[in-house]
Amino acid sequence: MTTYAIGDLQGCHAEFVALLERLDFDPRRDRLWLAGDLVNRGPESLACLREVMALGEAATTVLGNHDLHLLAVARGGERVKPSDTLAEVLEAPDRERLLDWLQSRPLLMRAAGTPGNGETVMTHAGLPPQWSVALAADLAGELEARLASEHAGAFLERMYGNEPSRWRDDLEGIDRLRVIVNTFTRMRFIDAEGRLDFTTKEGLDSAPPGFAPWFQYPRADDPWLLFGHWAALQGRLPGCRIRAEALDTGCVWGGRLTALNLASGERVSVPSRRGHS
């Protein structure tokens, strides 16, 4: 069995199919870890959802910010943005089944490593150095429980917001949940205290004063961190001080869709079929 980690699909279904063919992927034998953002910006969000869901236990995905945006639009009263390409999902006859499945996806996936090699952890945006893997797993569980509860709609209505911008153990209620979801799905630049910057989305040379990419801070533990979300990195992590892999190589922006073989470390990618905007 081979496990592949794949970056953000964002509606790039044709490229996803091409990549699976290139990998000779067999769902009876192989497994996929997907870094979230299955939907939005690209042309075939509905096909991506159906494809991944149909793979059953052969494919697991974490939730990304665009996945949560779809849920907020469909079930939290959030407005559709001009740049959204979610109409086909929202109008699909199987929309509720797809949304139920998406809403039950985790924020964090982990697998035990070999002795001395730590464990493998995937989240959409990364993991700040202030959070151990154990704490991150607990916090992900809190948010997953809320999304599975009768209060999910109320949370989705209030999910958006940039404050608080830093984790504190004493946070409660919506403030606590908002920091959790923002860290798992929106994080790029942070300061030494773990404060999140939400204004900058470009490459490393655009860091605000006092901020640096989250992967340029050391950690007390040593997991292998897999993440997507930051297409401007183009899969590269200069100055990285931890073990990490950037998987979003910008397929939706005309780049490539990339898979990482977790056993060999080999990367395989296919080009975007369109210069998506």
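**Thr185**

I started at Thr185, which lies in helix α8, residues 173-186. The model is a predicted one. Is Thr185 buried or exposed? Its relative accessibility is 2%, so I count Thr185 as buried. Next I listed its contacts, leaving aside neighbours within four places in sequence. Leu63, Gly64, Asn65 and Leu68 are in contact with Thr185. So are Leu107, His124, Ala125 and His229.

**Helix α5**

I then looked up helix α5, residues 95-103. Which of its residues are buried? I found Leu98, Leu99, Trp101, Leu102 and Gln103. I also checked what covers these buried residues. The cover includes the helices α2 (45-54), α3 (65-75), α6 (133-147) and α7 (152-158). Strand β3 (59-61) is included in that cover as well.

**The open sheet**

I turned to a sheet of 4 strands. It is open, and the strand order reads β4-β5-β8-β9. The pairing is mixed. Which strands stand at the edges? I noted β4 (109-111) and β9 (243-246) there. Each has a single partner strand, so one side of each is left without a neighbour in the sheet. I also looked up the turn between neighbouring strands of this sheet: 15 degrees on average, direction ignored.

Inside the order I picked out the pair β5 and β8. How many bridges join them? I read 3 bridges between β5 (residues 120-122) and β8 (residues 224-227). The two strands run parallel. Met122 stands opposite Leu226 in β8.

**Cysteines**

I searched the whole structure for disulfides and found 0. A disulfide is a covalent bond between the sulfur atoms of two cysteines. The cut-off I need here is sulfur atoms within 2.5 Å.

Why is Cys12 not bonded? The closest cysteine sulfur is in Cys251, at 3.6 Å from the sulfur of Cys12, and that is too far for a bond. Cys12 has a relative accessible area of 0%, so I mark Cys12 as buried.

I did the same for Cys48. Its closest cysteine sulfur is in Cys12, 6.8 Å away, again too far for a bond. Cys48 is buried too, with a relative accessible area of 0%.

**Arg41**

I located Arg41 in the loop between β2 (31-34) and α2. Its relative accessible area is 24%, so I log Arg41 as partly exposed. The limits that matter for this call are 20% and 50%. I also took the separation of the C-alpha atoms of Arg41 and Pro271. It is 17 Å, with the two positions 230 residues apart along the chain.

**Whole protein**

Last, I collected the overall values. I count 8 helices and 11 strands in the protein. The C-alpha atoms fill a box of roughly 45 × 45 × 35 Å along the principal axes. Does 18 Å agree or disagree with a compact globule as radius of gyration? For 277 residues such a globule would have a value near 19 Å, so the 18 Å of the protein agrees.

Buried residues make up 56% of the 277. I then looked at contacts with a separation of 6 or more. Residues 24 or more positions apart account for 65% of these. The protein exposes about 12,000 Å². Carbon and sulfur atoms supply 46% of that area.

Technical notes. Residues numbered from 1 in each chain as written. Predicted model: local features only at pLDDT ≥ 70, side-chain atom pairs only at ≥ 80, totals over all residues. Heavy atoms only, no water. Pairing = 2+ DSSP bridges. Axes fitted to C-alpha atoms, helices over the stretch in contact; angles between N-to-C directions. Rg over C-alpha atoms; globule rule 2.2 N^0.38 Å. Buried < 20%, exposed > 50% of the residue type's maximum accessible area, 1.4 Å probe, protein only. Contact = heavy atoms within 4.5 Å. Areas by Shrake-Rupley, 256 points an atom, 1.4 Å probe, with all protein chains shown as cover.
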